[in-house]
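Please read the text below with the sequence and the structure open side by side. It goes through selected strands, sheets and helices in turn.

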Amino acid sequence: MNTVLYGAWRVVLTAAHGVRLESVELHLRAQVLAQMRPFRHSALACPPLPGREAPVAAARREILAHRPVEFHAHCGYGKTTLLRYLASGTVWAPAAYVRVGAAPLDDVLQAVVDRLYSCSEPVKVTRAECEQIIRGCHALVVIDDVPPGSRIPNDLAVVLHGRGLVVGSTQPVLAGLGSSMRLPGLPADAAFDLYMRSLGRQLGESELADTQRLLAALDGQPLHIKQAAALVRAGDFTASRLAEEAATDPEALDRLSLSRLSDVKRRALTVLTLFAGALLPAALVSGIGDIAFVLQYLDQLHRDGVVEHPDDRFGIPVCKKESYRSQLLERIDFSAAVRGLADWLANPSGPHAAEALEAALGLLGFASERAEFAVVVRLVRLVEPVLFVMGRWKEWRHVLGQGIEAAQQVGDVSAEALFAHQKGTVAYCENRLQEARDLLERAVELRTRLGDQAGSALSRAHLELMRSGSDGRLPDSDGQSRHRGRSVKARAFLAAVATTAGAVAMVAAVKGMVVGPPPPTTSSVDTVTPGTAHPTDAHPTETESTEKRKTPSADSTPEALGFTDTPTGTRSDPNTLTLTSTGAAPLNVFKATLGGGEPQDFEIATDACSSKELAPGEECRIEVVFRPMTTGRREAVLTIPDNSPGRVRKVQLSGNGTGTTGTLPPDLNPEVTTDGTTLSITIQNLGRGAAGPSTTQVVFKDRITDEDIEPMNKPTVSVRGGGQTNWEVVVPPHCKSLALCTYHVKADVEDTVTEADEANNNVDGPPPESPAPRSSPSDTTGPGIP
């Protein structure tokens with residue numbers, strides 16, 4: 001049995017009907033917390049990271065000085081390797097490494113506590129308790145994959161009083177609370193050594209110059225250096241050819257590396273791509289992909305620079321997810337992936353469940369994007385008990401919400417009832433009473449309709465607790481508490497219901513991939529025979545009748561989108577699909593996606609429907625263009641999921657690619673982000689034709705004198721159609737972190753490229769709507785990150 005102590009409750013996960021609340025004395029929970037013991041962490045004498053001596057030394061200085069420090073870099077620069085090294089105990093012990101991703105702050109805090117402490121019985125600590133524990137243990141906290149704009153690093157810096165924090169992100173996020181460092185590529189000598197180790201042989205005299213040119217084009221990115229060495233080692237490409245490819249588009253190495261993989265390697269990589277960002281043991285990859293001797297193939301993929309291999313785990317960087325998925329999309333088998341995960345997640349408190357959880361959450365997000373609602377339901381059944389046991393309750397609530405929506409889409413009443421009961425119970429524990437009442441009443445209604453008397457009784461018991469009150473103190477989301485009285489009747493009612501709960505394994509049903517009512521239970525309460533009329537079926541209540549009348553529905557026109565013959569390498573005119581809300585209730589439109597046979601040959605040009613709520617009679621439009629890569633008939637499917645009952649809306653797309661190759665002119669578009677000390681510039685080529693050679697320029701202007709400061713030019717570079725190049729410019733000291741200056745960025749300042757659209761190749765900043773910069777603690781005249 002899986003239990004978690006939370007506030008005044010022992011929350012028990014039953015086998016078939018969800019969680020059950022049992023009252024406990026508060027002093028018992030306090031005793032369990034008092035028995036928490038730290039894991040043994042000791043400082044390690046790790047060998048130095050080749051080529052990373054300078055960043056490690058800088059991090060050590062900041063950590064020992066009790067200042068937060070962050071490293072930001074684009075994908076492929078080795079940021080995660082550096083952060084894992086810092087968290088290994090080589091600089092400070094104890095240390096905890098946590099991937100943030102989309103996790104909320106409360107779950108990140110819980111994960112840090114779990115990395116540092118063990119407990120005799122699972123306890124869900126409140127946010128205030130987490131903060132107190134973390135602050136008192138003087139540990140180094142290392143957080144990685146922090147999304148741009150996240151407040152979590154700043155909140156953690158406050159919790160830690162500014163000490164013991166290392167942050168990894170693609171963009172600066174610390175907002176002036178510590179040192180921010182851009183992680184550069186490997187120095188030239190370290191990059192050359194890595195290339196030679198990966199190549200496994202000596203260079204000929206004629207190869208040296210080409211190799212140096214190749215390494216310069218790769219900008220010291222460790223992942224791409226290993227990829228290039230593997231391609232040269234296999235004899236498929238020369239260093240000279242790869243240097244040309246990398247000069248226009250460094251990401252071309254990803255495509256070239258994947259194109260030469262054997263079938264079994266592609267299958268192993270597809271498994272890792274499904275779970276991008278998670279690190280999986282080889283046995284799990286083998287089970288999901290049905291691959292014998294998988295370890296040797298994963299080792300080869302690691303040597304080829306395609307996958308990461310920290311410790312005994314394998315994975316791909318989360319930033320490579322979209323690039324890999326676009327090339328491996330046709331190989332993704334959701335059913336096989338879920339079957340492979342089921343055994344690992346069968347015991348929510350077992351060691352395998354924690355290893356497989358991140359993989360399952362990644363797959364859940366991908367299935368949601370693809371509107372694979374039946375897969376979403378099965379995955380939520382698997383992962384929600386694990387999230388409950390691990391104390392990641394905010395993520396638990398989010399996943400349950402996904403499950404409820406997906407169950408409604410596929411008509412799985414049993415799953416919707418279970419998820420509503422779970423989400424309603426956790427809402428009650430956290431004092432969101434109206435939400436709890438609505439969800440638990442919905443669970444009772446559905447379970448009664450199914451004839452599930454034991455499940456209905458459990459949900460009613462929790463409603464009765466709400467009506468009668470409870471003894472003990474229930475923690476609020478801020479860690480505070482409120483007191484309620486509790487009647488003898490409620491205690492007796494809960495005890496009676498506890499004896500009626502069935503004991504049928506929920507995970508077994510999930511592994512069987514059965515969508516429908518729960519299996520018969522061994523409860524002593526007689527259940528209604530399936531098919532037998534029930535009072536709520538024969539005589540629906542007024543509320544139920546009203547709900548049925550107020551059902552969302554939608555209509556889309558046209559039924560299919562056909563495109564005129566289009567030369568390869570060009571784009572057609574857009575075709576428009578109109579979606580209209582035709583029901584009596586608002587229509588919630590989810591994310592529109594492309595799938596089917598050749599989704600890469602079509603593009604959603606504009607989307608005014610996704611993530612929108614349409615009132616009855618309101619409409620929205622989606623424009624799709626055809627951009628064939630090869631000749632012949634090309635087909636795809638546009639999927640537009642919404643909350644209306646029935647099948648998910650799918651629109652067929654078709655067109656013919658003709659052999660007359662056309663070209664579209666390039667279209668350079670710069671985008672800028674800044675932390676006040678550095679401009680991170682991305683120049684995208686939105687057209688199809690190659691843009692180059694061209695030069696990008698940055699000019700800073702003094703706000704007071706209106707005089708230009710000496711312009712800075714990016715070295716001449718070519719950008720392929722659809723590609724991009726990146727440039728970072730240090731803000732002049734005179735500008736005081738942009739408090740005294742503005743900037744102007746222009747792509748192709750020398751006008752050497754004939755562009756499709758000259759209007760969008762300029763950008764000025766800081767943007768006027770940005771908030772006023774905050775002062776840095778170390779410099780009262782200079783602002784922090786806006």
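Strand 6, residues 95–99, is largely enclosed by the rest of the structure, because 4 of its 5 residues are buried. The model is a predicted one. Strand 6 runs parallel to strand 8, residues 140–146, and 5 bridges join the two. Within this pairing, valine 98 of the chain stands opposite isoleucine 143 in strand 8. Strands of a sheet pair through backbone hydrogen bonds, and the pairing can be parallel or antiparallel. The two sheets described next have antiparallel pairing.

One of them is an open sheet of 3 strands in the order 1-2-3, paired antiparallel. Its edges are strand 1 (2–6) and strand 3 (19–23), each of which pairs on one side only. From one strand to the next, the twist averages 25°. Strand 1 and strand 2, residues 9–13, run antiparallel and are joined by 5 bridges. Here leucine 5 stands opposite arginine 10 in strand 2. A helix from much further along the numbering, helix 18 (residues 373–389), packs on this sheet. Helix 18 touches strand 1, strand 2 and strand 3, and its direction makes about 45° with that of strand 1.

The other is an open sheet of 4 strands, ordered 15-18-23-21, again with antiparallel pairing. Strand 15 (554–557) and strand 21 (602–607) are at the edges; each has a single partner strand, so one side of each is left without a neighbour in the sheet. Direction ignored, neighbouring strands of this sheet are turned by 25° against each other on average. Strand 15 pairs with strand 18, residues 575–581, in the antiparallel sense over 4 bridges. In this pair, serine 556 stands opposite leucine 579 in strand 18.

Now to the helices. Helix 9 covers residues 222–233, which makes 12 residues. From its first C-alpha to its last, helix 9 reaches 16 Å, close to the 16 Å expected at 1.5 Å a residue. Is helix 9 enclosed or open to the outside? Of its 12 residues, 11 are buried, so helix 9 is largely enclosed by the rest of the structure. The buried residues include Leu223, Ile225, Ala228, Ala229, Ala230, Leu231 and Val232. His224, Lys226 and Gln227 are also among the buried residues of helix 9, as is Pro222. After the helix comes glycine 235, which has a positive phi near 80°.

Helix 12 (residues 263–274) and helix 13 (residues 282–289) form a contacting pair whose axes come within 9 Å and cross at roughly 105°. Angles of 65 to 115 degrees count as roughly perpendicular, and helix 12 and helix 13 are therefore roughly perpendicular to each other. Which residues meet in this contact? Helix 12 contributes Arg267, Ala268, Val271 and Leu272, and helix 13 contributes Val285, Ile288 and Gly289. By class, the contact has 5 nonpolar, 1 polar and 1 charged residues.

These pieces belong to a chain with 26 helices and 36 strands. Of its 786 residues, 52% are buried. Among contacts in the chain with a separation of 6 or more, 68% come from residues 24 or more positions apart.

Key: Residues numbered from 1 in each chain as written. Predicted model: local features only at pLDDT ≥ 70, side-chain atom pairs only at ≥ 80, totals over all residues. Heavy atoms only, no water. Axes fitted to C-alpha atoms, helices over the stretch in contact; angles between N-to-C directions. Parallel < 35°, antiparallel > 145°, perpendicular 65-115°, else oblique. Contact = heavy atoms within 4.5 Å. Nonpolar A, V, L, I, M, F, W, Y, C, P; charged D, E, K, R; others polar. Buried < 20%, exposed > 50% of the residue type's maximum accessible area, 1.4 Å probe, protein only. Pairing = 2+ DSSP bridges. Expected span 1.5 Å × (residues − 1).
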